[in-house]
Amino acid sequence: MGKVALNEAARMVEVEWSDRGVSRFPYVWLRDNCQCPQCFNPDSRSRRVLMNDLDVNVSPVRVELQAKKSLLSVDWPQGHQSQYDCQWLRERCFSPQALSERERDWQRKTQLWGAELAHNLPKADFPAILTDDRVLHDFLVVLDSVGLVLLQNVPCDVGQVERLANRVAFLKPTSFGLEFEVVNKPKPNDLAYTTVKIGLHTDLNYYRYRPGVQMLHCIEQTRGEGGDNSLTDGINAAYQLQEENPDAFRLLTTLKVNFYCTGVDLYKFFFRQRRNVISLNDQGEVQSVSFSDQARDSILDLPADQVQPFYDALKAFDTIMYLPRNCIRFKMAAGEMIVFDNTRTLHGRSAYSLDSTRHLQGGYLDWDEINSRMRVLKVDLGIKD
């Protein structure tokens, strides 16, 4: 089982396991995470101990390893006792190796791509996703890593977007409703509801909490020319910009664009938000892209002498996104649904004839719900990394 000792100088309980590994647990962390019913609710899996009541300088009176029960027992002042399952403790070890292993779990396994993906486009069977948990899990994993999956064998009826969303969690409501119909409309409040060319963009940049994933279901496709989809990996394009034009990359990661949208759909709305075109995480890695010519405001909150350099940077990024090596172009068929990461994968559409009929239905999901579903499926299916 091992042995245990108090290290008063470091204020830690040191556990030497039978495999000779050593774990060190700070006193304050152990007290804060007592698992007894007085301190922890096992049904809600939540801590009852409030920071307001926690003595952050507390020290144990006694510690003991109970080998038969595989427990660490800690006696605290005022007669309080805590018991910790040893496996539970090892999963929360503070060693550099454990911290490194857990850090990998937080990192997205991003697979960058360019136009070559068109020859091996990730695909999944829609009916199988609706009925098979393993297929659903694998679809979500690919969506997370690649940021793009084409679903096939989708019924050509409205409501399929909601069926997929409900299989994961639920649709994210927006000013366009739970679902929206992409058809040519009179007096449209969005260019998507016209037949004109739509440039590469991410959706709803004017939302503070913009949707993480978009679904577009092709119910009827124009039989004439046009209506083709364009898709680009914005993260890949951003890294290319960083390599080829560091100054432009620096501007797009530090200066902000104003995005806005105003109009009437389900209700009268006026959204506005400022964002970096390219956002980085705390490791300096590209985390997301926010780009939309049609939603970019004419108000630009920059000093006048920074405007031209900023436009030069936007143009440089835009040029890279449309390069043949980066941009996928294909025409969805009726019965297909494209599902993509709205924080990464930019999408666009070529113009089509006013005389043509084209009907897509769209909707959104949030990454919090998707990631939650993936974790639950992973546990339920017993999937190991």
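# A tour from helix α5 outward

Begin by selecting helix α5 (residues 133–146), which lies across β10 (148–152), β13 (213–220) and β20 (336–341) and runs at about 145 degrees to β10. Contact here means heavy atoms within 4.5 Å; axes are lines fitted to C-alpha atoms, for helices over the stretch in contact, and angles run from 0 to 180 degrees between N-to-C directions. Helices (H or I, at least four residues) and strands (E, at least two) are DSSP runs, numbered from the N terminus.

This is a predicted model, in which local features need pLDDT of at least 70 and side-chain atom pairs count only at pLDDT 80 or more, whereas totals for chains, interfaces and linings use all residues. Residues are numbered from 1 along each chain as its sequence is written, and side-chain values use heavy atoms, with hydrogens and water left out.

**The whole protein**

Next, display the full C-alpha trace, which spans about 80 × 55 × 40 Å along its principal axes. The secondary structure comes to 10 helices and 22 strands. Of the 385 residues, 48% count as buried; buried means under 20% relative accessible area, exposed over 50%, and partly exposed in between (1.4 Å probe, protein chains only). Among contacts with a separation of 6 or more, 72% are made by residues 24 or more positions apart.

**The six-stranded sheet**

Select the strands of the open sheet in the order β9-β10-β20-β13-β22-β11; 6 strands form this sheet, and the pairing is mixed. Two strands pair if DSSP finds at least two bridges between them. At the edges are β9 (123–125) and β11 (179–182), each of which pairs on one side only. From one strand to the next, the twist averages 25 degrees.

Now focus on β11 and strand β22 (residues 359–365): they run antiparallel and are joined by 4 bridges. To locate the register, select Phe180, whose bridge partner in β22 is Gly362.

Step back from β11 into the loop between α6 (160–168) and β11, where Phe176 is found. Phe176 counts as buried because its relative accessibility is 7%. Add Val264 to the selection: Phe176 and Val264 are 88 residues apart in sequence, yet their C-alpha atoms are 9.1 Å apart in space.

**The nonpolar cores**

A nonpolar core is a set of buried Ala, Val, Leu, Ile, Met, Phe, Trp, Tyr and Cys residues joined through side-chain atoms within 4.5 Å. The largest has 54 residues, and those with the most contacts inside it are Leu148, Tyr206, Leu241, Leu252, Ile278, Phe317 and Ile338. Helix α9 (residues 304–322) gives the most to this core, with 7 residues.

Centre the view on Leu241. Apart from its neighbours within four places in sequence, Leu241 is in contact with Pro246, Ala248, Phe249, Leu252, Ile278, Ala316, Phe317 and Ile320. A second, separate core of 24 residues includes Val149, Val213, Met337 and Ile370.

**The largest pocket**

Turn to the largest pocket, with a volume of about 2,000 Å³. On a 1 Å grid over the protein atoms alone, a pocket is an open set of points where a 1.4 Å probe fits, with protein on both sides within 12 Å along at least five of seven lines; lining residues have an atom within 4 Å of a point. Grid points are joined across faces, edges and corners, and a volume is the space filled by probe spheres set on the points.

To find the centre of this pocket, select Trp106, Gln107, Arg108, Asp144 and Asn371, the closest to it of the 45 lining residues. Elements that give two or more residues to the lining are α3 (96–106), α5, α7 (234–244), β16 (268–276), β18 (286–289) and α10 (367–381). The largest share, 8 residues, comes from α10.

**The three-stranded sheet and two loops**

Move to the open sheet of 3 strands, ordered β1-β2-β3 with antiparallel pairing. Its edge strands, β1 (2–7) and β3 (22–26), each pair on one side only, and the twist averages 20 degrees from one strand to the next. Between β1 and strand β2 (residues 12–17) there are 6 bridges; Leu6 has Val13 in β2 as its bridge partner.

In the loop between β1 and β2, select Arg11. Although Arg11 is not a glycine, its phi is positive, about 55 degrees. Most residues other than glycine have a negative phi. Arg11 counts as partly exposed, at 29% relative accessibility.

Finish at Leu204, in the loop between β12 (198–201) and β13. Phi of Leu204 is also positive, near 55 degrees. Is Leu204 buried or exposed? Leu204 is buried, with a relative accessible area of 4%.
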